[in-house]
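This report walks through selected secondary-structure elements, their pairing and their packing. The sequence and the coordinates come first, and the discussion follows.

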Amino acid sequence: YMGTALMAAATFAYPQVRRDDSIVENLHGTSVADPYRFLEDPDSAETQQFVAEQNKVTDAFIGGCEARPAIAEHLAAAYNYPKAGCPFRRGPRYFRHRNTGLQNQYVMYVCATASRNNDDWEVFLDPNALAADGTASLSSSAFSEDGALFAYGVARGGSDWITISVRDVATKTDLPDTVSWVKFSGIAWTHDGAGFFYSRYPAPASLADESKKGTEVDVLLHHALYYHRIGTDQSADLRVFCDDSDPTHMVGAEVTDDGLTLIVTISNSCEPVNKVYLVPTADATSADAVARGLAFQRLVDHFDAGFNFLLNDGAQFVFMTNLDAPRYRVVGIDVSAAAAAAAAGAPAPWREIIPQDPSTAVLQSVSVVARNRLVCTWLVDVADYLKMYDLSGALLKELPLPAVGQIMSLAARREHTEFFYSFQSFLYPGSVFRYDCTTDAVELFDEVTAPGLRAEDFETKQIFYNSKDGTRIPMFIVAPRGLARDGSAPTLLYGYGGFNISIQPSYSAFRMVFMKGFGAVLAIANIRGGGEYGKEWNKGGALDKKENCFDDFCAAAEFLIAEKYTQPAKLAIMGGSNGGLLVCACANRRPELFGCVIGQVGVLDMLRFHKFSIGHAWCSDYGCADKPDEFPWLIRYSPIHNVPPARPGFVYPATLLLTSDHDDRVVPLHSLKMAATLQHVHGAQSPPLMIRVEVQAGHGAGKPTSKIIDEYADIYSFMSRTLNAPFRL
């Protein structure tokens, strides 16, 4: 198997793509060309021809990997094991999401008890029955307070748009109710079960054909909160709230524990900050009261901090917040006293319950159980810890976890005395634990067995390396036990670095196939921009400091090379969404460090991202090119605008960009324009510069198992050829 050796003599017949050199804009005194702007129109014949021809070139190259059938076979075999989420109780019943192995979507089951015997559970809702190709997925959902009704959103083709239906739990049949054009929404029932609150946008102007939902690029504005009463048409739904002060603001809602108050949260971006408004639920569900105009108590009326509602007892409310606590804390407030304080012009009377950790631990989440216990997940050096407190903030106990890893989910309700939590790590495919608050006992509920996993054949370690400015960055390295550190191992370096998102240990059957099949190393760099050490860690890799992310990631590559895990010709980098931006920006800056670049659904045009779909919400991390003081940050690293020029002896790393036709979050135009630019500048070189455009798929959520396996078979085949790494399983 010759791999790259065969490829070295070849160049590729990329599709001829028109360049419109007439499009040059003056942005704050800088001339910026945009020759492929026509590719921003997803419906044009020219764009569709571009996609079809690019896919042909990519398919031919990947199909030239003799090992691809074996790779796909091993990926399917490795993923073919039973998987299940935590059981959770609603009303008198328990529910659980389960996948027998290779089902395209998880199936929702119901049982009278939290039985360990799968035969006791009945199918409640099977998304696989909603689309023959598995591209209909369950999204936001919520049970009514008594567990009698289930409102559930279904996304199709990978789009973020969902349509909400309502199921009678006892009969497992759907009611006539249908709620459309819902996006970025929770579902909050009134306690009488008469209806629910949800958030939606107006239908996009460009979508005459509703079947094409998710392919549009229209900017999303005027997110509004509605109330739907069961048994009525959506046209009668009450428009409860829309922040007309700024059409980019987004709105969500929750109903308090006693059902008496609607909590409305308003956000202005992806920044973890929000306003909090309160209004009686009875008013928010009354057509007359809504028509008169609702009188909201503006408990928090600024975007200085984030507040997540946890519980209330009458006027005593409890929130998790980053107010004066970048690593988060738990606070309480008497909302009646807060109203009086606001009227008097006095500060809000917040009281601290659980303080911010004095070292580096980040409070990740808080759940309420057994009326007055708070179950808190803390992140310490990218590993989760689970602790329980009472409502005074006193620590009751720390719960055991099997290893350094991640709490994948935790299912708890205030009115219940038990809760479930699931755990994974790189070499630990998962367990579910049950905690009984009446006995303070924890037990193993069930454990996942992954086929062919020999954890003892691998070792995981966490190291810390110094970035360009001396900042200490954590990185996990998973490698075959006894690896010869001679620089010859194919290595996959993965990163994200944005939006307060932490990349924690988790089990991936696909990555296990990669490591076993290629004798390879996996490295996860926890660079700045993420949430690994709280809000300050995020801010250290955002806005005018965004380039710290690229420095951190390149320093991770330099560490792996210096420590002889690998060498540039054997090093692949991979990231998705903001991580797609990361790897393409790093390839532009330090192309000599990498042999292969895998950029999935990346944000790549940093001067125009805010003009499409929900892109305006990302300005909190990136800034906005429309602003003269922020434009210089973006033009310095925008991948499309910083592809290095061709010159003698220069080789750009082999690159595979991946996007999807129904990605209405990071719309495909980013990847299309980047691919055209790379091929125009470096199309004569031997390492391939290609794009793979998936159909009937979106940004990633809800993607069917069959498509995921195909995607990773293509990625690993591309890596095999470009890194000259034979697959040996």
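## The sheet β16-β17-β18-β19

Within strand β17, the residue that serves as bridge partner of Val 251 is Ile 266. The model in which this pairing appears is a predicted one. β16 and β17, the latter covering residues 261-267, run antiparallel and are joined by six bridges.

These two strands belong to an open sheet of four strands, ordered β16-β17-β18-β19 and paired in the antiparallel sense. Its edge strands are β16 (250-255) and β19 (297-300), each of which pairs on one side only. On average, and with direction ignored, neighbouring strands of this sheet are turned by 25° against each other. Helix α6 lies across β18 (275-280) and β19, and the helix runs at about 95° to β19.

## The sheet β20-β21-β22-β23

Another open sheet of four strands has the order β20-β21-β22-β23, and its pairing is antiparallel. Because β20 (307-313) and β23 (351-354) stand at the edges with a single partner strand each, one side of each is left without a neighbour in the sheet. Neighbouring strands here are turned by 30° against each other on average, direction ignored.

β20 is joined to strand β21 (residues 316-321) by six bridges, and the two strands run antiparallel; Asp 313 has Gln 316 of β21 as its bridge partner. Helix α6 (residues 335-343) packs on this sheet, where the helix touches β21 and β22 (329-334) and makes an angle of about 75° with the direction of β22. Since α6 also lies across β18 and β19, the helix has contacts in both of the sheets described so far.

## Strands β8, β9 and β10

Strand β9 (residues 149-156) is mostly covered, with seven of its eight residues buried. β9 pairs in the antiparallel sense with strand β8 (residues 136-143) over six bridges, and seven bridges join β9 to strand β10 (residues 162-168), again in an antiparallel arrangement. Tyr 152 takes part in both pairings: this residue is the bridge partner of Ser 141, and Tyr 152 also stands opposite Ser 165 in β10.

Each connection holds a glycine with a positive phi. In the hairpin of β8 and β9, with five residues between the strands, Gly 147 has a phi near 75°; in the hairpin of β9 and β10, which also has five residues between the strands, the phi of Gly 157 is near 65°.

## A buried loop residue

Where does Thr 190 lie? Thr 190 is placed in the loop between β12 (188-189) and β13 (195-200). With a relative accessible area of 4%, Thr 190 falls under the 20% limit and is therefore buried. Leaving aside residues up to four places away in sequence, Thr 190 touches Gly 195, Phe 197, Tyr 227, Thr 281 and Thr 285.

## Helix α3 and its buried face

At 1.5 Å a residue, the twelve residues of helix α3 (residues 68-79) should span 16 Å, and the end C-alpha atoms lie 17 Å apart, which agrees. The buried residues of α3 are Arg 68, Ile 71, Ala 72, Leu 75, Ala 78 and Tyr 79. Seen down the helix axis, these buried residues fall within an arc of 135°, so they line one face of α3. An α-helix has 3.6 residues a turn, so residues three or four places apart point the same way.

On the other side of α3, Pro 69 and Glu 73 are exposed. The buried residues of the helix pack against α2 (45-63), β3 (83-84), α7 (509-518) and α14 (705-722). Tyr 716 touches two residues of the buried set, Ile 71 and Leu 75, together with Phe 510, Arg 511, Phe 514 and Phe 518, not counting residues up to four places away in sequence.

## The nonpolar cores and helix α9

The largest nonpolar core has 131 residues, and those with the most contacts inside it are Tyr 465, Met 475, Leu 493, Tyr 622, Tyr 716 and Met 719. Helix α9 (residues 547-562) contributes the largest share of this core, nine residues. A second, separate core of 23 residues includes Phe 88, Trp 121, Leu 125 and Ala 411.

α9 itself is mostly covered, as 13 of its 16 residues are buried. Its 16 residues should span 22 Å at 1.5 Å a residue, and the end C-alpha atoms are 22 Å apart, which agrees. The helix is followed by Lys 564, whose phi is positive, near 60°.

How values were computed: Residues numbered from 1 in each chain as written. Predicted model: local features only at pLDDT ≥ 70, side-chain atom pairs only at ≥ 80, totals over all residues. Heavy atoms only, no water. Expected span 1.5 Å × (residues − 1). Buried < 20%, exposed > 50% of the residue type's maximum accessible area, 1.4 Å probe, protein only. Arc of directions from axis to C-beta. Contact = heavy atoms within 4.5 Å. Core = buried A, V, L, I, M, F, W, Y, C linked by side-chain atoms within 4.5 Å. Pairing = 2+ DSSP bridges. Axes fitted to C-alpha atoms, helices over the stretch in contact; angles between N-to-C directions.
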